Amino acid sequence: MCLPTKEHLEDILGLQVLATNPLVVDNGGAHSRIFRVRTSRADYVLRMPKGRQGWHTAYLPETVDVGNWFDQRWATSVAHGLSIPAPEIVHSDRERGFVLMKQLPGEYIADYEQWAGCPYDEAEFGVILSRLHSVSVGGYGPVDDAGATYFEGWPDFLAAAAAQLMDACSRRGSIGDDLHALLRRRWYPRLRELALGRAALLHMESL
């Protein structure tokens, strides 16, 4: 996908675009190309998704379109409703492959493991986390841009994840055939015994 032109961005925003500069985002941001769009009034972030947008979409049935994970519209909408800082989507263009968002105040983290500048103290951060875990979803596994899920229970999702992971281990030769066969006989059936009373949000896909 090509970066949208200055004229196209100006048509969307109704503002003069002064510059579009790439941002280097490490680790979790590596699934997208990111640009800062400077305008005559405010700055925006342009994201061009590349590759798989939802980590756990690898475990979905083959019939599910992974293109349903593109702009994280459900996640940002839910976050706004909970007063959790999240970017506002200004424009989403699946055909041209980019998402334009308002830029949040703050700083970019090059190394989140070494970063010591968190603006929240422990109690404030706990409040944010508790709001995230208050979200109820309609099913299990990855949540797409429309808020849809694709597994009826945790055992279904875990069994799909286990099958994918064990197959990958076998292809890499990190486990032998005997161990793989034993896990399929003993471990996989146990996953079906797991139960959870409600569908709790446990992972950012993508909230």
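**Close-up views of a predicted protein model**

Of the 207 residues of the protein chain, 37% count as buried. The model is predicted, and the legends below describe selected regions of it.

**View 1. Overall fold of the protein chain, with 5 helices and 5 strands.** Along the sequence, these elements are arranged in the pattern α-β-β-β-α-β-β-α-α-α. The accessible surface amounts to about 12,900 Å², and carbon and sulfur atoms account for 53% of that area. When contacts between residues at least 6 apart in sequence are considered, 53% of them join residues at least 24 apart.

**View 2. The largest nonpolar core, made up of 11 residues.** Its members are Leu-9, Leu-13, Leu-15, Val-17, Phe-35, Val-37, Tyr-44, Leu-46, Met-48, Phe-98 and Leu-100. Two or more residues are given to this core by each of helix H1 (6-13), strand E2 (32-39), strand E3 (43-49) and strand E5 (98-102). Strand E3 supplies the largest share, with 3 residues. The model also holds a second, separate core of 10 residues, among them Phe-151, Trp-154, Phe-157 and Ala-161.

**View 3. Surroundings of the core residue Tyr-44.** With neighbours within four places in sequence left aside, Tyr-44 is in contact with the core members Leu-13, Leu-15, Phe-35, Val-37 and Leu-100. Further contacts of Tyr-44 include Arg-36, Thr-39 and Val-90, as well as Met-101, Lys-102 and Gln-103.

**View 4. Helix H4 (residues 154-172) and its buried residues.** At 1.5 Å a residue, the 19 residues of H4 should span 27 Å, and the end C-alpha atoms are 27 Å apart, so the expected and modelled values agree. The buried residues of H4 are Trp-154, Pro-155, Phe-157, Ala-159, Ala-160, Ala-161, Ala-162, Met-166, Ala-168 and Cys-169. Helix H5 (177-191) is included in what covers them. H4 is followed by Gly-173, which has a positive phi, near 75°.

**View 5. Leu-18 in strand E1 (residues 17-23).** Leu-18 has a relative accessibility of 44% and therefore counts as partly exposed. Although Leu-18 and Arg-38 are 20 residues apart in sequence, their C-alpha atoms are 5.4 Å apart in space. Residues up to four places away in sequence not being counted, Leu-18 touches Arg-38, Thr-39 and Ser-40.

**View 6. Asp-71 in the loop between E3 and helix H2 (73-81).** Asp-71 counts as buried because its relative accessibility is 4%, under the 20% limit. Its side chain makes a polar contact with the side chain of Ser-92, at 2.8 Å. Apart from neighbours within four places in sequence, the residues in contact with Asp-71 are Arg-47, Ile-89, Ser-92, Arg-94, Val-99 and Asp-145.

**View 7. Cys-2 and Cys-169 in a structure that holds 0 disulfides.** Cys-2 has a relative accessible area of 68% and is therefore exposed. Cys-169, one of the buried residues of H4, has a relative accessibility of 15%. A disulfide is a covalent bond between the sulfur atoms of two cysteines, and the structure holds 0 of these bonds.

Definitions and conventions. Residues are numbered from 1 along each chain as its sequence is written. This is a predicted model: local features need pLDDT of at least 70, side-chain atom pairs count only at pLDDT 80 or more; totals for chains, interfaces and linings use all residues. Side-chain values use heavy atoms; hydrogens and water are left out. A nonpolar core is a set of buried Ala, Val, Leu, Ile, Met, Phe, Trp, Tyr and Cys residues joined through side-chain atoms within 4.5 Å. Buried means under 20% relative accessible area, exposed over 50%, partly exposed in between (1.4 Å probe, protein chains only). Helices (H or I, at least four residues) and strands (E, at least two) are DSSP runs, numbered from the N terminus. Contact means heavy atoms within 4.5 Å. Accessible areas come from the Shrake-Rupley method with a 1.4 Å probe; for residues, only the protein chains shown count as cover. The expected span of a helix is 1.5 Å times one less than its number of residues. A polar contact is a pair of N or O atoms within 3.5 Å; within protein, one must be able to donate a hydrogen and the other to accept it, and residues adjacent in sequence count only if both atoms are side-chain atoms. A disulfide is a pair of cysteine sulfur atoms within 2.5 Å.
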